[in-house]
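Me: I am new to this structure and would like a close look at one part of it. Could you start with how covered or uncovered a residue is, and then follow the strands and charged pairs in one connected story?

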Amino acid sequence: MAERKVLNKYYPPDFDPSKLIRLNKQPKDRPSGGYVVRMMLPMSVQCNTCGEYLYIGTKFNMRKENLTEYYLGIQIFRFYFKCTRCSSEITMKTDPKNSDYICERGATRNYEPWRDICLLYTSDAADDSLRVDLGGR
């Protein structure tokens, strides 16, 4: 029974790995950006086709595309995923300038009230009466 737990296998001296038949049909060198990643949705969105709400933290298998765009040396990526209800394709792109994501096609981002508060709190308003009290922050 111990032979099934062996980590090293015996390879004869005349073994040629190039003669092995590959089982997976994907090419060895993938095109740039053709990777599938398992990722959680970073924001709540609503599908434009069927109106389904896709909530933050929902896991998707996303196709990641490397773009030739850069912002201050940081590469920008585009992600493709499908709606869970109607299977229409939704795309989003990274936004390193704002440390966020942009919905490009197929969905609209839901309103997030905390974003307005953060913008108001961090803006350089001349009048301090416009600032919002965030509970001691």
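Reply: Let's begin with Leu20, which is exposed, with a relative accessible area of 54%. Three words describe cover here: buried is under 20% relative accessible area, exposed is over 50%, and partly exposed is in between, with a 1.4 Å probe and protein chains only. This is a predicted model, where local features need pLDDT of at least 70 and side-chain atom pairs count only at pLDDT 80 or more, while totals for chains, interfaces and linings use all residues. Residues are numbered from 1 along each chain as its sequence is written, and side-chain values use heavy atoms, with hydrogens and water left out.

Leu20 sits in the segment before strand E1 (35-40). Strands (E, at least two residues) and helices (H or I, at least four) are DSSP runs, numbered from the N terminus. Together with Tyr11 and Phe15, Leu20 makes a nonpolar surface patch of about 340 Å². Such a patch is built from residues with over 30% relative accessible area and no salt bridge; nonpolar side chains (Val, Leu, Ile, Met, Phe, Trp, Tyr) are joined within 5 Å, and like charges within 9 Å. The areas come from the Shrake-Rupley method with a 1.4 Å probe, and for residues the protein chains shown are what counts as cover.

Now turn to Ser44, in the loop between E1 and strand E2 (45-47). Ser44 is buried, with a relative accessible area of 14%. Its side chain reaches the backbone nitrogen of Ile56 at 3.3 Å. That is a polar contact: a pair of N or O atoms within 3.5 Å, where within protein one must be able to donate a hydrogen and the other to accept it, and residues adjacent in sequence count only if both atoms are side-chain atoms. Setting aside residues up to four places away in sequence, Ser44 touches Leu54, Tyr55, Ile56, Arg109, Asn110 and Glu112. Contact here means heavy atoms within 4.5 Å.

Just past that loop is an open sheet of three strands in the order E3-E2-E8, with antiparallel pairing. Strand E3 (53-54) and strand E8 (107-109) are at the edges with a single partner strand each, so one side of each has no neighbour in the sheet. E2 and E3 run antiparallel and are joined by two bridges; two strands pair if DSSP finds at least two bridges between them. Val45 stands opposite Leu54 in E3.

Next comes strand E6 (residues 89-95), which is largely enclosed by the rest of the structure because six of its seven residues are buried. Strand E5 (residues 74-82) runs antiparallel to E6, and five bridges join them. One facing pair is Tyr80 and, in E6, Thr91. E5 and E6 form a hairpin with six residues between them, and Ser87 in the turn has a positive phi of about 60 degrees. E6 also pairs with strand E7 (residues 100-105), again in the antiparallel sense, over five bridges. This hairpin has four residues between its strands, and Ser99 in the turn has a positive phi of about 55 degrees.

Thr94 is a good residue to pause on in E6. It is buried, with a relative accessible area of 14%, and Tyr101 in E7 is its bridge partner. The side chain of Thr94 reaches the backbone nitrogen of Phe77 at 3.0 Å. Beyond its neighbours within four places in sequence, Thr94 is in contact with Gln75, Ile76, Phe77, Phe79, Asp100 and Tyr101.

Finally, the charged pairs. Side chains of opposite charge can pair when their charged atoms come close. A salt bridge is a side-chain nitrogen of Lys or Arg within 4 Å of a carboxyl oxygen of Asp or Glu, and the whole structure has eight. One of them joins Glu65 and Arg78 (3.7 Å, N to O). Glu65 lies in strand E4 (residues 59-71) and Arg78 in strand E5, so the pair ties together parts 13 residues apart in sequence. Glu65 is partly exposed at 24%, whereas Arg78 is buried at 17%.

Lys93 meets Glu69 in a salt bridge (3.4 Å, N to O). Lys93 is in strand E6 and Glu69 in strand E4, so this pair links parts 24 residues apart in sequence. Lys93 is buried at 15%, while Glu69 is partly exposed at 33%. Lys93 also forms a salt bridge with Glu104, the closest N and O atoms being 3.7 Å apart. Salt bridges that share partners join Glu65, Glu69, Arg78, Lys93 and Glu104 into one network.
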